[in-house]
Amino acid sequence: MDATEIQRAVELEDRHWWYRERRAILARELRRIGRPGRALDVGAAGGGNTRVFRRYGWSALATDYSDTAVAYARQRGLEAIKADLRCLPLDDAEFDLVTALDVLEHIDDDKAAAAEIARVLKPGGTAFVAVPCDMRLWSAHDVALGHHRRYTREELRLLIEGAGLVIERLWSWNVLLRPVAAIRRRKATGCDLEELPGPVNLALSAVVMAERFLPVSSLPGVSLMARARRR
């Protein structure tokens with residue numbers, strides 16, 4: 001992501017339904033893990049997700065390839081370093097949890113990136129990954145954000161398992177709003193994440209939150225999520 005898109009994300013992430021629900025999903029994963037440990041948030045942008053770790057008692061390091069992103073994260077009081085996910089300046093088996101939320105699609109060599117995630121995880125540690133799915137949704141939105149690809153379930157599964165990780169769960173997210181996203185993406189001229197009127201933002205929040213209680217995670221969505229562990 002370029003500096004303009006990082007700034008947009010920082011400005012929107014505390015209010016926008018998409019970011020807020022993503023943080024809620026991360027919080028549920030942290031509650032599932034239970035005991036806090038050392039976490040690495042790769043491609044952290046301004047550190048919106050990294051702050052969730054701190055809220056649950058985790059010691060967290062944010063990394064990003066962008067100087068702008070690292071500066072925003074540090075302004076928020078977060079531990080942050082500039083790093084390339086294909087070659088992290090970190091020790092083997094250093095972290096209990098690594099998150100890569102909408103990161104792998106930005107990297108040309110995603111296999112090297114997945115291998116680095118596995119390398120810095122402790123044995124038994126957890127990786128939590130989110131990526132955009134389905135090239136049928138490819139649009140100017142992806143181009144504006146610097147995506148190289150959108151993933152199928154099988155592609156994401158092979159990528160994670162190829163890095164030596166064991167998948168515990170792989171599921172779709174943003175399923176109910178996929179038809180809306182498909183229409184918007186056909187008309188998109190750039191990134192479609194933007195400030196929304198309050199009632200619209202609340203309505204979209206309610207729809208995506210409903211997925212917590214409905215059996216839709218196996219249906220096509222806008223994103224894929226995966227939880228895996230290092231043997």
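Is Phe-128 buried or exposed? Phe-128 is buried, at a relative accessible area of 3%. Buried means under 20% relative accessible area, exposed over 50%, and partly exposed in between (1.4 Å probe, protein chains only).

The model is predicted: local features need pLDDT of at least 70, side-chain atom pairs count only at pLDDT 80 or more, and totals for chains, interfaces and linings use all residues. Residues are numbered from 1 along each chain as its sequence is written, and side-chain values use heavy atoms, with hydrogens and water left out.

**View 1. Phe-128 and Trp-171 form a stacked ring pair.** The ring centres of Phe-128 and Trp-171 lie 6.1 Å apart, with the planes at 15 degrees. Rings of Phe, Tyr and Trp (its six-membered ring) pair if their centres lie within 6.5 Å; planes under 30 degrees apart count as stacked, over 60 as edge-to-face and the rest as tilted. This pair links distant parts of the chain: Phe-128 sits in strand S5 (residues 121-132) and Trp-171 in strand S6 (residues 165-173), 43 residues apart. Helices (H or I, at least four residues) and strands (E, at least two) are DSSP runs, numbered from the N terminus. Trp-171 is buried too, at 6% relative accessibility. The whole structure has four aromatic pairs. Elsewhere, ring pairs join Trp-18, Tyr-19 and Trp-173 into a cluster.

**View 2. Arg-169 and Lys-82 each lie over a ring face.** Arg-169 covers the face of Trp-171, at 4.0 Å from the ring centre. Lys-82 lies over Tyr-65, at 5.6 Å from the ring centre. A charge sits over a ring if NZ of Lys or CZ of Arg is within 6 Å of the ring centre and within 35 degrees of the ring normal.

**View 3. Glu-5 and Arg-8 meet in a salt bridge within helix H1.** The N to O distance is 3.0 Å. A salt bridge is a side-chain nitrogen of Lys or Arg within 4 Å of a carboxyl oxygen of Asp or Glu. Both residues belong to helix H1 (residues 3-12); they are three residues apart, so about one helical turn separates them. Glu-5 is buried at 8%, whereas Arg-8 is partly exposed at 28%. The whole structure has 27 salt bridges.

**View 4. Asp-96 and Lys-122 bridge two strands.** Their side chains meet in a salt bridge at 3.4 Å, N to O. Asp-96 lies in strand S4 (residues 95-101) and Lys-122 in strand S5, 26 residues apart. Asp-96 is partly exposed, at 26% relative accessibility. Lys-122 is partly exposed, at 30%.

**View 5. Asp-192 pairs with Arg-184.** This salt bridge spans 3.9 Å, N to O. Asp-192 is buried at 14%; Arg-184 is partly exposed at 36%. In a separate view, salt bridges that share partners join Glu-29, Arg-32, Glu-168, Arg-227 and Arg-229 into one network.

**View 6. Cys-191 has no disulfide partner.** The structure holds zero disulfides; a disulfide is a pair of cysteine sulfur atoms within 2.5 Å. Why is the sulfur of Cys-191 without a bond to Cys-133? The sulfur of Cys-133 is the closest cysteine sulfur, but it is 17 Å away, too far for a bond. Cys-191 is buried, at 12%. Cys-87 is exposed, at 59%.
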